[in-house]
Amino acid sequence: MQQARKGLILAVLIILSFDIKAQEVRVDSSAVDSLKQIEYLKSIIDTNKVQVNFNYLPTNSFEKTEDIDTKNIDARDFLRGFGRAYGLNIIVDNRLSKRITLSLSNVAIIEALIIICQDNDLSLVQSGQIFRVREYVASEPVPEVNEPEISFENGILNIELNNIDLGVFTKRLSQVTKQNIIVRNGVRGTVSGYLQNIEFETGLNTILSNNGFSLREKDGVYIVDRIGFRSNEVGGNTTSTFWVSIDEQNNISMDVVDASIVDIIREIGYQTDASMITYGLPENQITAKTNNLTIDQTLNYLFRGTSFTYRKEGEIYIIGDKATSGIASNKLIRLKHIRSDVVIELIPESVKQGASIQVVKEQNGLMVIGTNDIILELENFIDQIDYPSPQILIEALVVDVRTSDMYQLGLSLAQGAAPDSSYINNPFTAFFGQGSNQQGGFSAQGSGDDVNNAFSSGGNLFGIANLGKLPGDFFFRIQALDQDGIVNIRSRPQISTLNGYTASIEVGTTQYFLLTTTTPLQSPNQIVTQETQRFEEIEANVSLEITPYVSASGEVTAEIHPEFNTPVGGFNADVPPTINSRILDSTVRLKDGETIILGGLIQESETENINKVPILGSIPLLGRLFRNKSTSLVKSELVIFITPHVFYGDGTDESRWRELRKDLDLSIDKDN
């Protein structure tokens, strides 16, 4: 019984084992078919167009398609319909413009999709369970890379290059030297050269410049840029020259031919890292060659002749049409040497009309509101005239030379009271030369008693006996004088002024006299007079006005106007004084430190006074004993010496001023 039960169990196990093996065989057979299908698909796939992950294909990828027969159908519509029909997630590029014609039957779904894309130059890319389809664009073939030979040790560089790609060279150089080197985006080319035992920066700059590239360093990073390249190349033909270079100070040099202003500004902005905001740019083209211009100067030249301008706010350049609101700039232009209120009168009308200009006296400057081209034009104008104005020290010496001749001879007689106090209680006196009442010559005076004593009884004077006796109240004076005199009146004014400005000095006195005015007033019954008095003013001044003009050669042209007003005689408050005037106007030219003499203002006066006894003094020859005659001749001449000294505000002025003060006998502070 037990044997029969064991046999039944064994039979069941054999049957179950057979069923399981049969199932395993069927599964293995399906897996083998899928693997073969995958191997087949890999063999026909163009990996440039199709990128499929066979490990993550949809579960129905190997199911068979129905009969597909289409002709000239839009690729987008077909692929979207294919995806819906077979349960595939397909995203089609909307820009796809292909049309499909095909006929398929009993083909695996994934195989059909691959064949459709490859045969119609479509790109198929799988991402998870999603297939993306777009038009296929062939990639450029990767060129063969030549390796540069570079060695670097102790700061010394050795390079051997033979038509090496620029990017490959800079990458390898950066790896070897541990320096940060980048190539500006869009800059391509090759380099060749051989250098030995050269310093790193010198060698790199040399190899690049000889291959048409530039090198600049910023914040420890070396930047390789183009230099002297040509743009707009079509079919190997160059249509314009375009070269823009920026140095370490952000100075711009460029050489362009028929280049777009837009391209130039973009290039400047890129190389200088300048912040720029544009509200439009001119479409003009220019040809230019410049060296070492600032960004502002370059922009002004680029926009000249156009309706565009720029405004700078901090480090940001705002570019746009001149009519753009808020594009105008404002700037305070400080003047170094000349006055702002004088300059504003000289500004051309074309500049005044294009800008608002105000004088700021506190800053000695001009506040300008306008576009940058107008501001630049005004700055250029001011640069042409804002130079130190020469300062001229005028050293003047005024000499009034007066010569006088006086002749006096005569006898004065008097009876009664003494003519003056010198006769009282004084005996007979005679003087030769100096005396109390006589400056030179001969003078004798006395009374009748002095004469009687000289001719007293028994005596004589010079052998002349006494002829009579004179009363005691008789007085006499005998005078003989011949006098010459020279009087020099000097003034030495020193005045300073700027070039083209008038300097003047005036010294004098003001005199007043009482003026009485009588005015008749009529009334019905009688004539009445009204008397008024007022003080009138008369000035007696010595003045000198000089206006110097310094030429470029250093010569001084001076307009000279001296005026001398001097009163004649003594002052009387009841009578207006007589004013003697001498005026000279002259224009002369002389060099710095040269002296010119101006003269010829001559005045001559002769005065003759005769005091005599009536009738007796008119007798010929004998009448000389009864008269006193004095003759005075006064001659004066005005001479002016003018010496200009020019100071230009340079480093030599201090020493020249010290020497001049010493020559003029002016005190110099020891501390200075």
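Reader: How many bridges join β9 to strand β12, and do the two strands run parallel or antiparallel?

Author: As a general idea, the strands of a sheet pair through backbone hydrogen bonds, and they do so either parallel or antiparallel. In this structure, which is a predicted model, β9 and strand β12 (residues 221-226) run parallel and are joined by four bridges. If you want one pair of residues to look for, take isoleucine 182, whose bridge partner in β12 is isoleucine 223.

Reader: In what order do the three strands of that open sheet stand?

Author: The order is β9-β12-β11, and the pairing within this open sheet is mixed. The strands at the edges are β9 (180-183) and β11 (213-218), each of which pairs on one side only. From one strand to the next, the twist averages 25°. Helix α4 packs on this sheet, where it touches β9, β11 and β12, and its direction makes about 170° with that of β9.

Reader: At what angle do the axes of helix α4 and helix α5 cross?

Author: Two packed helices are described by the angle between their axes and by the distance between the axes. Here the axes of helix α4 (residues 166-177) and helix α5 (residues 200-209) cross at roughly 175° and come within 13 Å, which makes α4 roughly antiparallel to α5. On the side of α4 the meeting residues are Leu166, Phe169, Leu173 and Thr177, and on the side of α5 they are Phe200, Leu204, Ile207 and Leu208. Sorted by class, the residues of this contact are seven nonpolar, one polar and no charged.

Reader: How far apart are the axes of helix α6 and helix α7, and at what angle do they pack?

Author: The axes of α6 (residues 261-272) and α7 (residues 295-303) are 11 Å apart, and the packing angle is about 170°, so α6 is roughly antiparallel to α7. From α6 the contact takes Ile261, Ile264, Ile265, Ile268 and Thr272, while α7 brings Ile295, Thr298, Leu299, Leu302 and Phe303. By class, that contact has eight nonpolar, two polar and no charged residues.

Reader: Which residues in α7 are buried?

Author: The buried residues in α7 are Ile295, Thr298, Leu299, Asn300, Leu302 and Phe303. Among the elements that cover them are α6, β17 (285-293) and α10 (372-385). If you follow the chain to just after α7, you reach glycine 305, which takes a positive phi of about 85°.

Reader: Which strands of the open sheet β1-β5-β6-β3 stand at the edges?

Author: This sheet has four strands and mixed pairing. Its edges are β1 and β3 (89-92), and because each has a single partner strand, one side of each is left without a neighbour in the sheet. Strand β5 (residues 122-127) and strand β6 (residues 130-135) run antiparallel and are joined by six bridges, with serine 123 standing opposite arginine 134 in β6. Helix α2 (residues 75-86) packs on the sheet and touches β3, β5 and β6, its direction making about 165° with that of β3. Helix α3 (residues 109-119) packs on the sheet as well, touching β1, β3, β5 and β6, and its direction makes about 140° with that of β5.

Reader: Is valine 50 buried or exposed, and which residues does it touch?

Author: Valine 50, which lies in strand β1 (residues 50-51), has a relative accessible area of 3% and is therefore buried, since the cut-off for that word is under 20%. Leaving aside residues up to four places away in sequence, valine 50 touches Ile45, Ile114, Gln118 and Leu124. Valine 50 and isoleucine 114 are 64 residues apart in sequence, yet their C-alpha atoms are 7.2 Å apart in space.

Reader: How many salt bridges does a search of the whole structure find?

Author: The search finds eight salt bridges. One of them joins glutamate 379 to lysine 331, where the closest N and O atoms are 2.4 Å apart. This pair links distant parts of the chain, with glutamate 379 in helix α10 and lysine 331 in strand β20 (residues 329-334), 48 residues apart. Glutamate 379 counts as buried at 18% relative accessibility, whereas lysine 331 is partly exposed at 37%. Another salt bridge brings together the side chains of aspartate 74 and arginine 76, at 3.4 Å from N to O. There, aspartate 74 counts as buried at 11% relative accessibility, and arginine 76 as partly exposed at 26%.

Key
Residues numbered from 1 in each chain as written. Predicted model: local features only at pLDDT ≥ 70, side-chain atom pairs only at ≥ 80, totals over all residues. Heavy atoms only, no water. Axes fitted to C-alpha atoms, helices over the stretch in contact; angles between N-to-C directions. Parallel < 35°, antiparallel > 145°, perpendicular 65-115°, else oblique. Contact = heavy atoms within 4.5 Å. Nonpolar A, V, L, I, M, F, W, Y, C, P; charged D, E, K, R; others polar. Buried < 20%, exposed > 50% of the residue type's maximum accessible area, 1.4 Å probe, protein only. Pairing = 2+ DSSP bridges. Salt bridge = Lys/Arg side-chain N within 4 Å of Asp/Glu carboxyl O.
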